[in-house]
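Visitor: Can you walk me through this one? Put it up and start wherever you like.
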Amino acid sequence: MRRIYADHAATTPTDPRVVEAMLPFLREQFGNPSSLHEWGRKARMALDEARDTLSEALRCLPGEVLFTSSGTEAANLALVGTALAHRGGARNRILLSSVEHHCVLECRSLLESFGYSVELIPCERDTSVSLHAVREMLDERTLLVSVMHANNETGAINDAEGIGEACRAAGALYHCDAVQTFTLLQFRLPPAEWADFVSLSAHKVYGPKGAGALFVRAGVKPSPILVGGGQEREMRAGTENVAGIVGFAEAVRLAMQDEDRAVRMRAARDAFVGAMERAGGAVFTTPDWSRVLPGHAHVRFPGRRADAALINLDQRGIAASSGAACSSGSIEPSHVLLAAGLSEAEAQEGLRLSFGKDSTEADGVSAAEELAASVAAR
Ligand code: PLP
């Protein structure tokens, strides 16, 4: 049976060239980048090169790139670190979009325990967050706003630059979770012009798991949430994951050279959507494909829960996802779909297929055929 991986938004296969680049740092070049001897210096050089690569891709200063263990840690540092640094100040409101990843939304109780009032920004029916919705809520008491660049479940793209500019005009800091978009969508403007924090993750771009980064605009200083040896400009203690970071940078370098990656992903996704439309019965969450990530398709079959279809699809060799949290084998209603106004039952119907750089149009068509058959089989 031919297997098709259509869950690239969950994680991507590690590129073999990335693994090759990492191996020396797991073997002979094992030095601690903080050590002064030759092993240490080599590790430090590798780290500096990786930082340069990421800063070129992001269009920021190397010193504005902080390495973390994940996208989750990057977002936690942006939110919790900012809240700690400004505790007790006049700006005591924090705005999070209602469709943020759990690594942002789950910071809420901690932020509230520091005395902040945390409010959720509503989304549109297609799960996007409008500039208008953000503007409506910004005021002189707002310290920080978090609105993601594109949603991991549905792929809906937001005007991150516009939202960031509105935040800056209102004197608020802005965190943009770009985990799903980095290397795939180029920001219109360099991040220093509109963002204070941008979260990134290696394993969504064919790099290894356990490596992430946070853009922290020069002059902005969150309090560290990991304390110790003072690494990463005293904002993130802990010996750096040199091999993982080297792998992250190699993945980014390869992505920068792969100019038609998004075109190939879109072709596979469009083939899936076309075949799904011919089969009938599917409702797409994001009807305007120009405002959706190139590899993403989010679909529902009204009256049909997603979990049965997913198990059936897996047995047919197609790896897809609900995009929502899954506990004890059953899918919880997606907080993203609930925020978009869907009912609890509808919020358990969402299926996400996410195509990647090596997906083909034939993969898209096969996935659609198998999905249509899985839904019919129930
Ligand atoms: N933000 C978004 C939008 C994501 O999709 C993910 C991963 O699923 C994360 C953050 C967390 O990244 P990591 O898996 O590196 O912790």
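Guide: Y174, F187 and W194 are linked into a cluster by ring pairs; rings of Phe, Tyr and Trp (its six-membered ring) pair if their centres lie within 6.5 Å. This is a predicted model, in which local features need pLDDT of at least 70, side-chain atom pairs count only at pLDDT 80 or more, and totals for chains, interfaces and linings use all residues. Residues are numbered from 1 along each chain as its sequence is written, and side-chain values use heavy atoms, with hydrogens and water left out.

Visitor: How many aromatic pairs does the structure hold?
Guide: Six. One of them, F187 with W194, is edge-to-face, at 4.7 Å centre to centre and 65 degrees between the planes. Planes under 30 degrees apart count as stacked, over 60 as edge-to-face and the rest as tilted.

Visitor: F187 and W194, buried or exposed?
Guide: Both F187 and W194 are buried, meaning under 20% relative accessible area with a 1.4 Å probe and protein chains only.

Visitor: Switching to the ligand. Which residues come nearest?
Guide: T72, D177, S201, H203 and K204, out of 13 around the ligand; a residue counts if one of its heavy atoms lies within 4 Å.

Visitor: And what lies 2.6 Å from an oxygen atom of the ligand?
Guide: A polar side-chain atom of K204. Ligand oxygen atoms are also 2.8 Å from a polar backbone atom of G71 and 2.8 Å from a side-chain N or O atom of Q180. A polar contact is a pair of N or O atoms within 3.5 Å.

Key. Polar contact = N/O pair within 3.5 Å; in protein donor to acceptor, adjacent residues only side chain to side chain. Buried < 20%, exposed > 50% of the residue type's maximum accessible area, 1.4 Å probe, protein only.
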